[in-house]
Amino acid sequence: MSLLCMRNICKSFNGIPVLKQVELTIEKGEVHALLGENGAGKSTLMNILAGVFPADSGEMEFDEKKIKKMTIQQSEKMGIAFVHQELNLFNDLKVYENIFLMKEYKRKAGALDKKRMIRETQQLFTELGVEINPEEKVENLKTSQKQLLEISKALFFKAKLLILDEPTTSLNNDEVEHLFQIIRNLKDKGTSFIFISHKMPEIFQIADRYTVLRNGEFVQAGKISEITQEEMTDLMVGEKLSHQEIYQAREPGENILELDHLSGYGFSDVNFTVKKGSIVGLTGLQGSGSSELLQGLFGAVPVTGGTLKLHGKDCKIRSIQGAMKAGIAMLASNRKENSVIPDMSILENMYLSEQVLSARHPFISIGKERKRYERYKEMLSVKAEDPDDPITSLSGGNQQKVFLARWLNTEADILLLDNPTQGIDVGAKAEIYKLILKLADTGKTILINTLEIPELAKVADYCAVFYEGTVIKVLKHEEIDEKTVMLYSTNAAQKGE
Ligand SMILES: Nc1ncnc2c1ncn2[C@@H]1O[C@H](COP(=O)(O)OP(=O)(O)OP(=O)(O)O)[C@@H](O)[C@H]1O
Ligand SMILES: [Mg+2]
């Protein structure tokens with residue numbers, strides 16, 4: 001008997017069908033990958049399963065019980081835990097308070113039993129090998145810690161089925177490996193997982209079976225051991241995706257950025273020169289300084305030492321506004337915390353940066369912005385109906401594309417991209433990388449920070465590997481591969497391992 005059976009599930013939003021007779025079967029003690037392009041309907045199907053909203057029609061059976069009406073409370077009671085794609089923590093509460101929210105332990109007199117909650121939170125973290133102080137305020141945690149906290153929270157209540165919707169977007173390789181250990185342990189004890197990710201190597205590492213959705217329809221299910229990564233990609237996009245090399249070397253222009261012993265919050269003594277029209281990769285473990293350097297160049301964290309030359313002239317970036325005026329744009333990592341303005345429409349979210357930049361001319365031409373939006377929508381293949389819909393009605397990956405458009409729209413010379421393909425499907429990733437190469441051809445200078453080395457190897461002219469706040473090695477295009485990068489980012493090369 002399967003643990004979960006969903007059959008003929010249909011769902012429309014505003015009359016537009018997003019799930020059409022979808023089926024999903026989950027066995028006991030398996031890791032099941034749910035795959036599909038951005039907007040295919042993965043999160044929607046999971047929301048139905050977890051009772052966030054109902055399906056329009058269809059049947060659902062869980063743990064040998066037919067479900068008539070699923071609610072969030074009901075799904076939790078039955079043992080379904082849902083770790084959402086976007087973090088869902090309360091920043092101004094403490095770690096343990098987030099875990100026990102609405103499920104607080106009370107003493108006989110009715111007062112909260114804080115000690116017990118803190119103790120059990122600590123026990124859980126020890127069991128899972130997670131290093132977080134239960135009494136820390138959530139706002140003080142790093143994003144990777146927040147993601148681990150979300151997962152730990154789901155594990156606390158001993159669910160039978162755990163839904164992990166892109167759980168690894170802000171975890172580094174060690175943290176992913178650690179999470180996989182936890183998943184394997186629980187799987188051995190009979191827990192089932194639904195695992196959603198756009199990182200194909202991860203899926204092949206952890207999943208037993210898969211289901212592919214395309215445009216809201218069921219395409220195929222099967223065993224991971226009986227399919228290749230390329231076949232899987234083709235199932236998702238519905239045609240053969242070209243796996244050819246897209247990189248072409250360019251003739252770089254004059255120096256546009258010169259970093260001389262540059263230091264700041266989280267990075268120190270960084271030296272390198274970037275020529276106009278080049279694509280530079282930055283990488284390193286979380287906290288190694290590569291993301292921090294981008295934030296420093298964008299005026300988001302202070303620069304405290306060294307010199308920076310922009311177009312050959314000394315330049316001090318003191319604020320984000322200053323950076324933007326100097327022609328620098330930045331797509332920040334962690335969409336929900338840094339990019340999404342939830343009360344605004346798709347269109348407003350797109351032209352926001354341009355509006356800030358032209359603050360002296362506050363009258364944005366909506367007609368012009370609509371035209372631009374249509375251009376970017378086409379260029380980045382954004383799956384959206386109406387630009388006046390709220391940004392939150394888009395799937396995660398499609399939101400990310402809108403934020404990329406937000407910065408392309410400012411027409412800055414220098415683009416700083418921090419984890420730009422977070423949550424973006426394979427097909428669109430390839431499009432975005434082609435676009436990056438095209439932008440470099442037109443003279444834009446691009447710095448990309450990412451942990452996804454195979455992707456970097458496709459586009460970067462060279463790659464600076466960070467270790468403990470500084471650049472430990474610069475690799476040429478042909479030297480960029482996962483093994484070499486790992487060697488330097490863990491400093492194993494130096495240690496002679
Ligand atoms: N609340 C909503 N209102 C209107 N449309 C919605 C809403 N939620 C989702 N949709 C639409 O339903 C479709 C499926 O979205 P869903 O979030 O399920 O995609 P996904 O497969 O999870 O994609 P991603 O990989 O980008 O997260 C999308 O076209 C999306 O715009
Ligand atoms: Mg989703």
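A residue is near a molecule if one of its heavy atoms lies within 4 Å of it. The structure in these views is a predicted model.

**View 1. The residues around ligand 1.** Ligand 1 is surrounded by 18 residues, and the closest of them are G39, K42, T44, S395 and G397. Sorted by class, this shell holds 11 polar, four nonpolar and three charged residues. Two helices, α1 (42–49) and α14 (396–408), each supply at least two residues of the shell. Of the elements that contribute, α1 gives the most, with three residues.

**View 2. Side chains at oxygen atoms of ligand 1.** Three side chains are shown here, those of N38, S43 and T44. An N or O atom in the side chain of T44 is 2.6 Å from an oxygen atom of the ligand. For the side chain of S43, the distance from an N or O atom to a ligand oxygen is 2.9 Å. The side chain of N38 likewise has an N or O atom 2.9 Å from an oxygen atom of ligand 1. On its own, ligand 1 has 640 Å² of accessible area, and the protein covers 83% of this.

**View 3. H198 and its surroundings.** H198 is in the loop between β8 (192–196) and α7. Is H198 buried or exposed? Its relative accessibility is 7%, and because buried means under 20%, H198 counts as buried. The side chain of H198 makes a polar contact of 3.4 Å with the side chain of N38, a residue whose side chain also has an N or O atom 2.9 Å from an oxygen of ligand 1. A polar atom of the H198 side chain lies 3.5 Å from the backbone oxygen of G423. Leaving out residues up to four places away in sequence, H198 touches G36, E37, N38, K42, E166, G423, I424, D425 and K429.

**View 4. Strand β7 and the strands beside it.** β7 covers residues 161–165, and five of its five residues are buried, so the strand is largely enclosed by the rest of the structure. Which residues lie on each face of β7? L161, I163 and D165 are on one side, L162 and L164 are on the other, and both faces are covered. β7 pairs with β6 in the parallel sense over four bridges. Its pairing with β8 is also in the parallel sense, over five bridges. L162 of β7 stands opposite A81, and L162 also stands opposite F193 in β8.

**View 5. L93 in a loop.** The loop between β6 (80–83) and α3 (95–99) contains L93. With a relative accessibility of 24%, L93 counts as partly exposed. The C-alpha atoms of L93 and E135 are 9.2 Å apart in space, while the two residues are 42 residues apart in sequence. Not counting residues up to four places away in sequence, L93 touches N98, L101, E136, K137 and V138.

**View 6. Helix α8 and its packing.** α8 runs over residues 229–237. Its buried residues are M232, T233, D234, L235, M236 and V237. What do the buried residues of α8 pack against? Their partners are three strands, β3 (31–35), β9 (209–214) and β10 (217–223), together with the helices α7 (200–206) and α15 (426–441). G238, just after α8, takes a positive phi of about 80°.

**View 7. The hairpin of β1 and β2.** β1 (residues 4–13) and β2 (residues 16–26) are paired in the antiparallel sense over seven bridges. One of the facing pairs is I9 with V22 in β2. The two strands form a hairpin with two residues between them. In the turn, N14 has a positive phi of about 50°.

**View 8. An open sheet of four strands.** The strand order in this sheet is β12-β11-β14-β15, and the pairing is antiparallel. Its edge strands are β12 (267–275) and β15 (313–314), each of which pairs on one side only. β14 (residues 303–310) and β15 run antiparallel and are joined by two bridges. Which residue of β15 is the bridge partner of K309? The partner of K309 is D314.

Definitions and conventions
Residues numbered from 1 in each chain as written. Chains lettered and ligands numbered in written order. Predicted model: local features only at pLDDT ≥ 70, side-chain atom pairs only at ≥ 80, totals over all residues. Heavy atoms only, no water. Polar contact = N/O pair within 3.5 Å; in protein donor to acceptor, adjacent residues only side chain to side chain. Areas by Shrake-Rupley, 256 points an atom, 1.4 Å probe, with all protein chains shown as cover. Nonpolar A, V, L, I, M, F, W, Y, C, P; charged D, E, K, R; others polar. Buried < 20%, exposed > 50% of the residue type's maximum accessible area, 1.4 Å probe, protein only. Contact = heavy atoms within 4.5 Å. Pairing = 2+ DSSP bridges.
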